[in-house]
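Work through the following exercises with the sequence and the model side by side, and try each task before you read its solution.

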Amino acid sequence: MRSPVLVSRTAERARLTAAVAGLGEGRGGLWVLRGDPGIGKSRLATAVASAAAEQGLEVLSGRAVPSGTPTPLRPLSEALLSWLRTHEVPEDRLLAPYLPTLARLAPQLGPVAADGTSSVMLLGEALLRLARTVPAPGMVLVVEDLHWADPETLALVEYLADNAQAVPLLVVATSRLHESPTAGAMLVELERRRSAEIVDLLPMGDADVTAVARACLGAEPPAEVERWLQRYSAGYPLLVEEMLADLRDAGVLAERDGSWALAGPLPVMVPRPFVRSVEGRLAEVGPAARDVATAAAMLGVEFDWRPVADALGLSEGTVADALRELRDQRLVVAASPDRFGFRHALTREAVLTGLLAPERSRLAALLAAVLAARTPDRAVAAEDHHQLAELFEAAGDDTRAVELWLATARDAIDRGALVSAGEAIGRALRRCAPGSGLESRAREAEVEVHALAGDVPRALAAGERLAAELGGEPARLAAVRLRLARALLAGGQWDDAEAMLAAADGHDPAEEHVLAARLALGREDDAAAAERASAALAGIGEDRPEIACEAWEVLGRAARARDFVAAEDAFESGYRLADARDLPLWRCRLLAALGSLDLAARRPTEDRLVAARRAALDAGAIATAARIEVELNLVRVRYLELDEALAAVDNAIMMMGRLRLPDLATAYLLRAATHGLAGRTEAMEADVTAALGLPMDEGLRAVGVPGHIRSFVALAHGRYDEARTQLAMAMEYHRRIPSMPFSLRGFWALLETARTGDGAAAREEVRSGPQANSPHNSFALRYADAIALGRAGERAEAERVFADAEWGLPGREPWPELHARLLVAVAAARATDGERRSRGSGTASTAWSATVSPRRRPAAGSRCGRRASPCRARPPAPSGCRRISSGSG
């Protein structure tokens, strides 16, 4: 494992770099790096010293050490002696009188001057003279661990601070914040009179923690390790290194072929130096404060002091005094008037590390009894369930613990936090008696979580096992069958899902309606899907918001192929409900649905899809995240970001294959398009063949392959007649099944118009057909209209229609837009050339040519600004998510 270079502290390094640069102009001073142990003070000081040495400056370095009787001026002696091993003191008449004083630090410089009251001042002046006389542009003096320095060293540093501003001597000192009252008071006073710059180092952010881990390992850390370090390292670089070393030594983290992988579960691991630090601070407080600290640690990182007082039988005054002692030792901080918290999660874990098992069990039982007695008079919050579950588990009361873990799982399911729900169910199952009623309830929750997450294989495996055990309980069996039907629908197994729904008939009419709607949607029966989804909404209103959200999602998907605006309205209605009721899973699904509409924009954007993917991963909805990844690639290929698209779709194919999702064929087709755009024809055909060999809706086979893959690639390479032929093939099927979304219908009309000289029938078919108000279809259709009007001699109207399609579109231009504009330009040039020949004149008309001028303001009465306008660059974000989707691509 590597010793990392400094990979964070960007702002602090910038300030110190400027200070080093000031030496070249004769400006020095004192800079103090202050913070907790392990925060990175020494590493930053070392980085500054190395940078100074690389610039040709002289660097001296020494440190103070903890001692009952510290050696006077030890850091300065160490710094000068080390420097003299490779350097000579300059022969300078201004420095010579001070050599006897410097000899006090380094005897080889000659006889030592007689000690006196002015010796510290003279020694400081000698160092200032040395900095002036060395041949380098300046000198950097590093003094480590100033909090352990003797009084003479502190006095010398103070003298240098007051007198180095006009001398090329930069003193860089490190100091802990609360270790030495004397050093702390001196630094406060120096800062007050502007003789020192104090740099307080705070814990690193998550990105810097990851950067330190990457530097230590020499490669990307596994994602689980990254999150674990961010949670438990407290943002301290030293702890990141220690924890990684402990993982490697324990065999939990192993290097394989140049990359790192987990070989076991991640523990709650507190670095040994940090444990010793916390134990040392606990030893400084009284017995009551230690008891309060250990009991509070059982409650979590943040805690209410009142249950602690009740459990320990302590008065309010005693607890207040104890908390004051713990605060003075930098172990706890006030979080609110009634709550306190440990300085970070690692402090709490270090306190718990010192507890023996019997002591932990005793405290857990006392606290659980106090908290459980408080809950009957008020609604129990989700965090209360979780906290009580942990306490009863630690106290050894498995039955109460399992009941509370199941309540915790239900809380998480209701919020859509599927990862948390799965963790709670796992803890419940580990405590259940085999064959008990509690185990059966835990299995039911497990099926529900897997089904909601779209993890089809695990949902079916758990559900089939449970269904075999519930033969004598019809109501519970029907509920399990509905969850299995949901999993089967997620896997595209329509017939099996229909049979499972029939077996559960009558148990929950609202959920049956919405699942039947989803089944109809899968079978491309949009009318039936909309009817059943509307029935679900009519039956429940908003009393069951999760069912209502699903119904709105189905209504939006059913409308998407025929009416872009109606689809957007449905998705927005569902999103607003999910946001108002705090349903993260449905919030991310409906945000993803709205993001999918952004793909149909003339200039697609990915803001809402990126936000939805992040929310899906946070909620544990991995199937939703995989589908969003595929849709994100539709944005990337429109902007020819092919390397990023290929890497991401490879990952999506892996996830979808593992989950056996029906969208796997779509992912293969998207990768085929990516290869085709890059000119890799053989790879494209191989992926098309692989997709056709997978289960696939007939609409995707007949419309998607020619209409979205082959035509798309041909268009990108300028093979317009080939693109037109492929689009015509897709249109043949689309006329029979208009519910299949087909975002290139407008391009078909444009190509028919530009390449045949007519195209009137194609334009009318797109204009009167489904999804005519989709921006991507509409702008291409308007281009085709402009071509036709120009050919007919209606020049002013052609110009107006073209300007209407062009106006008000910020952001990058995707490549299909450039090809569309090229088709218009070529048609305009041909029409103008024909007009010139027919007139027999050398003067070309400019009226029709104006239709290819960029972005004229639309004429009065044009459709821009209306909600269904084809020149909308993107649909508006729903209420509550505009901050996510600001800006254009």
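**Exercise 1. A small sheet**

In what order do the three strands of the open sheet lie, and is their pairing parallel or antiparallel? Continue by finding the edge strands and the helices that lie across the sheet.

Solution. Begin with the order, keeping in mind that this is a predicted model: the open sheet reads β8-β10-β9, and its pairing is antiparallel. Next, look for strands that pair on one side only, and you will find that the edges are β8, residues 302–304, and β9, residues 332–336. From one strand to the next, the twist averages 35°.

Now turn to the pair formed by β9 and β10, where β10 covers residues 339–342 and four bridges join the two antiparallel strands. Within this region, alanine 334 has phenylalanine 340 of β10 standing opposite.

Finally, add the helices: α12, residues 287–299, lies across β8 and β10 and runs at about 110° to β8, while α13, residues 305–312, also lies across β8 and β10 but runs at about 60° to β8.

**Exercise 2. The nonpolar cores**

Which residues touch the most other members of the largest nonpolar core? Describe the surroundings of one of them, and then look for a second core.

Solution. The largest nonpolar core has 242 residues, and those that touch the most other members are Leu229, Leu244, Leu326 and Phe747. Helix α22, residues 474–490, gives the largest share of this core with 10 residues. A second core, separate from this one, has 49 residues, and among them are Leu127, Leu128, Val134 and Met186.

For a closer view, take phenylalanine 747 and set aside its neighbours within four places in sequence; the residues in contact with phenylalanine 747 are then Leu715, Leu727, His776, Phe779, Ala780, Pro816 and Ala820. As background, nonpolar side chains in soluble globular proteins tend to be buried together.

**Exercise 3. Two residues with positive phi**

Where in the chain is aspartate 145 found, and is this residue buried or exposed? Carry out the same steps for leucine 640.

Solution. Start from the general expectation that most residues other than glycine have a negative phi. Aspartate 145 is not a glycine, and yet its phi is positive, at about 60°. Its place is the loop between β3 (139–144) and α6 (151–163). Because its relative accessibility is 10%, and buried means under 20%, aspartate 145 counts as buried.

Leucine 640, which is not a glycine either, has a positive phi of about 60°, and this residue is found in the loop between α30 (622–638) and α31 (642–659). With a relative accessible area of 44%, leucine 640 lies between the limits of 20% and 50%, and therefore counts as partly exposed.

**Exercise 4. Cysteines and the whole chain**

How many disulfides are counted, and how many helices and strands does the chain have? Then describe burial and contacts.

Solution. The count of disulfides comes to zero. Two cysteines can be checked for burial against the limit of 20%: cysteine 549 counts as buried because its relative accessibility is 0%, and cysteine 588 counts as buried because its value is 1%.

For the chain as a whole, the secondary structure comes to 40 helices and 10 strands, and 53% of the 889 residues count as buried. Among contacts between residues at least 6 apart in sequence, 68% join residues at least 24 apart. The chain exposes about 37600 Å², of which carbon and sulfur atoms supply 51%.

How values were computed. Residues numbered from 1 in each chain as written. Predicted model: local features only at pLDDT ≥ 70, side-chain atom pairs only at ≥ 80, totals over all residues. Heavy atoms only, no water. Core = buried A, V, L, I, M, F, W, Y, C linked by side-chain atoms within 4.5 Å. Buried < 20%, exposed > 50% of the residue type's maximum accessible area, 1.4 Å probe, protein only. Contact = heavy atoms within 4.5 Å. Disulfide = S-S within 2.5 Å. Pairing = 2+ DSSP bridges. Axes fitted to C-alpha atoms, helices over the stretch in contact; angles between N-to-C directions. Areas by Shrake-Rupley, 256 points an atom, 1.4 Å probe, with all protein chains shown as cover.
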